[in-house]
Structures are given as C-alpha cells and as structure tokens.
Amino acid sequence: MSGPLGARTSNIWEGSFRVWDWYFSVVWVATLVFVVGADFPGWPVRVVAAGLLLPLIPWYLLVGRPLLMSEEPDEHRALGYIAGAMALFLPSAVLVGESRMLTFALVPQCLEALRMRWAMIAVTVINLVPVAGWALLWRPSGHEVLFNFLFAVVTLVFSIAVGTWVIRIIEQSKERGELIAELEASRHEISRLSAAHGALAERERLSREIHDTLAQGFTSLLMLTQAVEAELDQNDVAKARRHLTLMDETARQNLAEARALVAGGAPADLDGASLPDALRRLATRHDAGLDVVGPVRALPAGPEVVALRSCQEALTNARRHAGSSATVSIALAYADDTLTVSVQDDGSGFDPAAPCDGYGLAGLRARAAEVGGTALVHSAPGGGTTVTVRLPVPAELSPELSPEPGKRSAP
C-alpha cells in the first residue's frame, strides 16, 4: 500500500506492534523468574533451562520481529523462525515444567507467522510435547502427570479456539482493507470520469450555444452582405440601407450573445423580455412572420431557451437552404402542459432520411431531449420544410395578455 494512507497504516501497525514487544518481554522475564525459582529439579538443571531461554531474545529481535511485522510473512522464513524458537523452548520446557509459561508468548507468533495448517501443528507441539517429555524424563506421580496433561489440553484448546478466531478477524480486516482500497480507487476513478464527463458535457453545451448563436449570426451577416452587394449593383439604395440596418442589429445581437455566453446568463433576446417578444425580434431579423396561439404565460428558463434556440436554428437553415425568396413563418403555441414552436418554409425541401453531416438538426434534437421534449422535421423534395419542437411545461399559472389566436405579427 503506497501513499499517505499506506504510510499511516504502516505507522499504526508499527506502533501497535510495540505492545507485542512488551508482552513477549514480560512473559519471557516471568518465565525466567519461575524457572530459576522452581523447587524442582536442582539448580544446575534450572540454570541450563534458563540458559536455553536466553537466545530467544536475540532470535526474536533479529529474525522474528522483522518477519512478524511484514504484511505477508515469507512461509519458509516463518517456518525457520518458529522451528528455531521451538528448538530453544522445548528442551527447556522438558527440563523444567515452569518453562511452559513461555507458551503464551510463542502461540500468538505461530498464529501470526504461519498458515492455518502449520500454525495448528506448531501450537499442538508447543503445548503437548513439553508435558510428554517432562513426564518421561522425571517420572512424576500419576496425579501430577494428569494435572499437567489436562492443563496442556485446556491450553491447546484455548489456543486453537482463540487463535482461529483471531486469524479470522485478521483475514476479515485484511479483506476489508483491500475493499476500502478498492473503493478508494473506484471513488477516484469515478471522480475522474465525472470530471471528464462534465468537461465533455460543457464542451457540447458550448458547441451548441456557439452554433445556435454566434455561428448563425455570422451566417446571417454573410447573407445580408450578399443581399447588399446585389442591391447596390441594382442601385436599390433603400433596400441596401434596410439590410445594412439589419446587419448592424445582427452584429450587435451577436455581440450581446457572446457576452451572455461568457457570463453564463440567459440569451440576449430573452434578457428582460418574454418569449413571444424574443421570437418577434428574431422573426424581424429573418423576414419571417410570427403566430402566437394560446394564453402567453411565464415559463421556466429551460423550455424558453430551448424554444428560442430551436427557432434560431430552424430559421438559419431555412434561409441557408430555402433561399431568401422563400416565405418563412413561425408558430408559437401555448397549451396547458406543452409549448410548441414550429418553423415552416415553402422552399425546395429535402429528404429527412438522407445522410446529413451537419450539426444543426442533431443539436436541435439533443437540446429538446434535455428538457424532455421532441423535435420533428417534416420535409420532402419540392414540398418545403417544417420543424416542430414540442416541450413539456408546467400547467398554466398566471396567464398574461396574449395576441388573439391566429393573429399574425408583422415581419
């Protein structure tokens, strides 16, 4: 485990392991005291038994402790360490029965360092062999043999039960640690993907906004420039001036849209105006008519922005493909739970099923889908084109004054 979390876990484990150092030291010192102070056997044997216990300290510090502190102890090294510890412990335990107290320090090390099968074998040997060897060497009374044997069996059962429980706890802790690490990695990956998705969504939004505002405005300017050039060639100064005025308005509108796009605010046409007013100004710039049907009312910004942008896209496509001579009309209909905007032209039309490389219609459908609406295109070669966008809106709350149904605004 790497990084701050791994370093913190390592420090915690190293700090908690010092408790085991103290535990081993206390048990070893207590065992040594009991061995030296035992009544039986004589002092030469007790000195030998105590001498056998002395090398356990450097053996633990130099070999056992580094091994036990590792996350995954090497099996061969672990078997070698436990075998060495048993080689020092068992002769001492056979010579002096009090040496068996060291069992309480060695059993946890077996459970920590070895796999379950080897750990159970080592624990059994550590608990039973000293009693059997002691009984064969000193030939004590049957009562003492029975007492020591029962004590060894109880200690063995307790060691196996508690050891098995501890091992399961350790395994569960490791599994939970791995799961936490995986969840942490998954959280970082989700955060990264979320940021990437957000950036992609924002790029798509900006692409649509630029396409539906600035790009269309520039297209209108190019078309108006071509119209002015043709009118100047025909010495039609009045129409040229009119189109120059529209060019000025379109350029100012594009500048306002650019500022609104940078500021993240509402479209310039909707800033302080109702949707019909915004569509009326848009229709004027594109020489189109506007019909408003139903009671006009205030709506959330989402549907109104989609309706305005859809209308901009449809008008731009109509002027680009149907030509400036085509008649274009806009219909805006307010219903109880639906807002519908349609743009119709009597141009040459096209086949909607034919492959299309443009971004406009796909962006129009995507924008409508974002607010739960639909965008339909009806067209046929020679039969004109109608773009209809239907958007769900809240039920009517506060109707405002609206034009009479069917009344057509001046282009």
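This is a short tour of a predicted model, moving from the whole chain to single residues and helix pairs.

**The whole protein**

Begin with everything shown and colour by secondary structure: you should find 11 helices and 6 strands. The protein has 411 residues, and 39% of them count as buried. If you display contacts, keep those with a sequence separation of 6 or more; residues 24 or more positions apart account for 71% of these.

**The loop after helix 1**

Now select the loop between helix 1 (3-36) and helix 2, where Pro41 sits. Zoom in on the bond between Phe40 and Pro41: this peptide bond is cis, with omega at about -5 degrees. Most peptide bonds are trans, so a cis one is worth a stop.

Stay in this loop and pick Gly37, which also lies between helix 1 and helix 2. Gly37 counts as exposed, at 55% relative accessibility. Add Glu98 to the selection and draw a C-alpha to C-alpha distance: the two residues are 61 positions apart in sequence, yet 9.4 Å apart in space.

**Helix 2**

Next, select residues 43-53, which form helix 2, and look for its buried residues: Arg46, Ala49, Ala50 and Leu53. Around the axis they cover an arc of only 100 degrees, so they fall on the same side of helix 2. Looking down the helix axis is a good way to see this.

**Helices 3 and 4**

Move on to helix 3 (residues 56-69) and helix 4 (residues 75-95), whose axes are 10 Å apart and meet at an angle of about 160 degrees. The two helices are therefore roughly antiparallel. Their crossing is left-handed.

Show side chains at the contact. From helix 3, take Leu56, Trp59, Tyr60, Val63, Gly64 and Leu67; facing them in helix 4 are Arg77, Ala78, Gly80, Tyr81, Gly84, Ala85 and Leu88. Coloured by residue class, this contact between helix 3 and helix 4 shows 9 nonpolar, 3 polar and 1 charged.

**Helices 5 and 6**

For another pair, select helix 5 (residues 103-113) along with helix 6; their axes come within 9 Å and cross at roughly 170 degrees. That angle makes helix 5 roughly antiparallel to helix 6. Here the crossing is right-handed.

On the helix 5 side, the contact uses Thr103, Leu106, Val107, Cys110 and Leu111, while helix 6 brings Ala119, Met120, Ala122, Val123, Ile126 and Asn127. Sorted by class, the residues where helix 5 touches helix 6 are 9 nonpolar and 2 polar, with no charged.

**Two loops with positive phi**

Finish with a pair of backbone details. As background, most residues other than glycine have a negative phi.

Follow helix 6 (116-138) to its end and select Arg139, in the loop that leads to helix 7 (142-233). The phi of Arg139 is near 50 degrees, a positive value in a residue other than glycine. Switch on the surface to see that Arg139 is exposed, with a relative accessible area of 65%.

Then travel along helix 7 to the loop before helix 8 (237-263), where Asn235 is found. Asn235 is also not a glycine, and its phi is positive, near 60 degrees. On the surface view, Asn235 appears as an exposed residue, with a relative accessible area of 66%.

Terms used
Residues numbered from 1 in each chain as written. Predicted model: local features only at pLDDT ≥ 70, side-chain atom pairs only at ≥ 80, totals over all residues. Heavy atoms only, no water. Axes fitted to C-alpha atoms, helices over the stretch in contact; angles between N-to-C directions. Helix = DSSP H or I, 4+ residues; strand = E, 2+ residues; numbered from the N terminus. Parallel < 35°, antiparallel > 145°, perpendicular 65-115°, else oblique. Left-handed = near helix turned anticlockwise from the far one by under 90°. Contact = heavy atoms within 4.5 Å. Nonpolar A, V, L, I, M, F, W, Y, C, P; charged D, E, K, R; others polar. Buried < 20%, exposed > 50% of the residue type's maximum accessible area, 1.4 Å probe, protein only. Arc of directions from axis to C-beta.
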